[in-house]
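Trainee: Could you take one part of this model and look at it closely, and then work outward from there to its surroundings? I would like one connected account rather than a list.

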Amino acid sequence: MTYDEERRQWHVVDHQGVAAILSDPATYSSDMTPIAPTQEDFETFTQGNFVGMDPPEHRKLRTLVSQAFTPRVVHGLAPRIEAICARLFDGVADRDRFDLVDTLAYPLPIIVIAELLGVPAEDHRLFQEWAATLFGGDQLGDSLDMADLEKALEAIAPTVREMNGYVLDHIRRRRADPGDDLTSRLLSAEVDGTRLEDQEIVGFVALLLVAGHITTTALLGNAVVTFDRHPGTLAALRQDPARVPVAVEEVLRWLPPFPELGRRTTRTVELGGHEIPADTLLMVHLGAANRDPSRFTSPDVFDPARDPNPHLTFGHGIHFCFGAPLARLEARIALQMMMDRFPTIAVPSYDDVTYQNPAVIVGVRHLPIVVTRP
């Protein structure tokens, strides 16, 4: 555990410490409003964003959304995911070089989540633009501090305003004409005898629409880059396709899309031999915890057959990523179909690869690849 004097932040990097903090929301809160800068449009957006909530409010919203992401429901999406992958790959059937992000990694999870929400999938370019603004980090330096965050909130405010308006219109259409989608179910759902307010649903749907795809986008790009940088990996997976899910877990450990999370102390705590006062920002480093030698053998070696693999990429405790089963399924199907369709897949030049700002998300923005066909 270390202290960053310049940013006035504590950093927790060991696996046990990170897991313990994420398991104790009463002491280490996800609600940053007492210490973070505010911005009116973003405050409206966060009303339904249970990622930044603590119990009991968190439980209410989490209970609702979890019903839409049960293992049975997610497994039932497999045929649709396969059909979308096939259509996206058919779109580059006449090309041996294409951008994996534009072709597959962005549109696949956006289309899936849009269909779940009953939002027109043809608007996926709009959702992509929102995600690029919210997660691009173009206004930020290589590491976050409160001044950076304040500038970022002002810069993304117009996008958040546009997103709120779009989602509110969608909710009103669903009130008038309910369907079998998740948005319609949210409108009629009750928890503890109360229904969600419209603005709670706006923030909720917007969170799913934007954050619900960005992890899969990053995971797919990171997988192809990692396999390419470790020759022989794809050949081994082709020989034993049953190992693809295990390899996906190692990509998640190796390159977590969101490598750190913030938590706020709710009281004075003793941590790592230090007394830390209430309302102190702690940064817990999932990426460092994923390479803790006390939990992982040869942690700095990419091992696509690593098992067990207790990585913390999807979080831990009450905020464990509810979309993890869907992200895993999308990645497995997409990577398997790529290997089935293309005997070879390679990144011809890393000079042409562009990356996201790692202070926000670890992933590629553009990933030109070359393939061969049977």
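Mentor: A salt bridge is counted here when a side-chain nitrogen of Lys or Arg lies within 4 Å of a carboxyl oxygen of Asp or Glu. The model is a predicted one, and the part I would choose in it is the pair formed by Asp279 and Arg264, whose side chains meet in a salt bridge with an N to O distance of 2.8 Å. Asp279 sits in the loop between E9 and E10 while Arg264 belongs to strand E7 (residues 260-265), so this salt bridge ties together parts that are 15 residues apart in sequence. The two partners are placed in unlike surroundings, for Asp279 has a relative accessibility of 41% and counts as partly exposed, whereas Arg264, with a relative accessible area of 9%, is buried. Elsewhere, salt bridges with shared partners join Glu250, Arg253 and Arg306 into one network.

The backbone of Asp279 also deserves attention. Most residues other than glycine have a negative phi, and most peptide bonds are trans. The phi of Asp279 is positive, near 60 degrees, and the residue carrying this value lies in the loop that runs from strand E9 (274-276) to strand E10 (281-285). Ser298 makes a useful companion, since it too is not a glycine and has a positive phi, in this case of about 45 degrees. Ser298 is likewise a loop residue, placed between H14 and H15, and its relative accessible area of 43% makes it partly exposed.

The loop that holds Ser298 also brings us to the cis peptide bonds. Asp307 and Pro308 are joined by a cis bond with omega about 5 degrees, and Pro308 is found in the loop between helix H14 (286-289) and helix H15 (324-341). Another cis bond runs from Pro55 to Pro56, where omega is near 5 degrees; Pro56 lies in the loop that leads from helix H2 (40-45) to helix H3 (57-66).

To set the chosen pair in context, the count of salt bridges by the same rule comes to 12. One of them joins the side chains of Asp198 and Arg175, with an N to O distance of 2.4 Å. This pair links distant parts of the chain, as Asp198 is in helix H11 (residues 198-229) and Arg175 in helix H9 (residues 146-176), 23 residues apart. Asp198 is partly exposed at 25% relative accessibility, and Arg175 is partly exposed as well, with a relative accessible area of 45%. Asp181 and Arg174 form another salt bridge, at 2.7 Å from N to O, and in that case both Asp181 and Arg174 are buried.

From the charged pairs we can turn to the nonpolar interior. In soluble globular proteins, nonpolar side chains tend to be buried together. In this model the largest nonpolar core has 98 residues, of which Leu104, Leu108, Met338, Leu367 and Ile369 touch the most other members. H11, the helix that contains Asp198, gives the most to this core, with 17 residues. Around Met338, leaving aside residues up to four places away in sequence, the contacts are Phe89, Leu100, Leu104, Val224, Ile345 and Ile369. A second core, separate and made of 15 residues, includes Val12, Val18, Ile21 and Leu312.

Leu108, named above among the best-connected members of the largest core, leads on to helix H7. This helix, residues 107-117, has 10 of its 11 residues buried, so it is largely enclosed by the rest of the structure. Among those buried residues are Pro107, Leu108, Ile111, Ala114 and Leu117. Gly118 comes after H7 and has a positive phi, near 75 degrees.

Ile345 and Ile369, two of the contacts of Met338, lead in turn to a sheet. Three strands build an open sheet with antiparallel pairing, in the order E4-E14-E11. Strand E4 (97-99) and strand E11 (345-346) are at the edges with a single partner strand each, so one side of each has no neighbour in the sheet. Strand E14 (residues 368-371) pairs with E11 in the antiparallel sense over two bridges, and Val370 of E14 stands opposite Ala346.

How values were computed. Residues are numbered from 1 along each chain as its sequence is written. This is a predicted model: local features need pLDDT of at least 70, side-chain atom pairs count only at pLDDT 80 or more; totals for chains, interfaces and linings use all residues. Side-chain values use heavy atoms; hydrogens and water are left out. Helices (H or I, at least four residues) and strands (E, at least two) are DSSP runs, numbered from the N terminus. Buried means under 20% relative accessible area, exposed over 50%, partly exposed in between (1.4 Å probe, protein chains only). A nonpolar core is a set of buried Ala, Val, Leu, Ile, Met, Phe, Trp, Tyr and Cys residues joined through side-chain atoms within 4.5 Å. Contact means heavy atoms within 4.5 Å. Two strands pair if DSSP finds at least two bridges between them.
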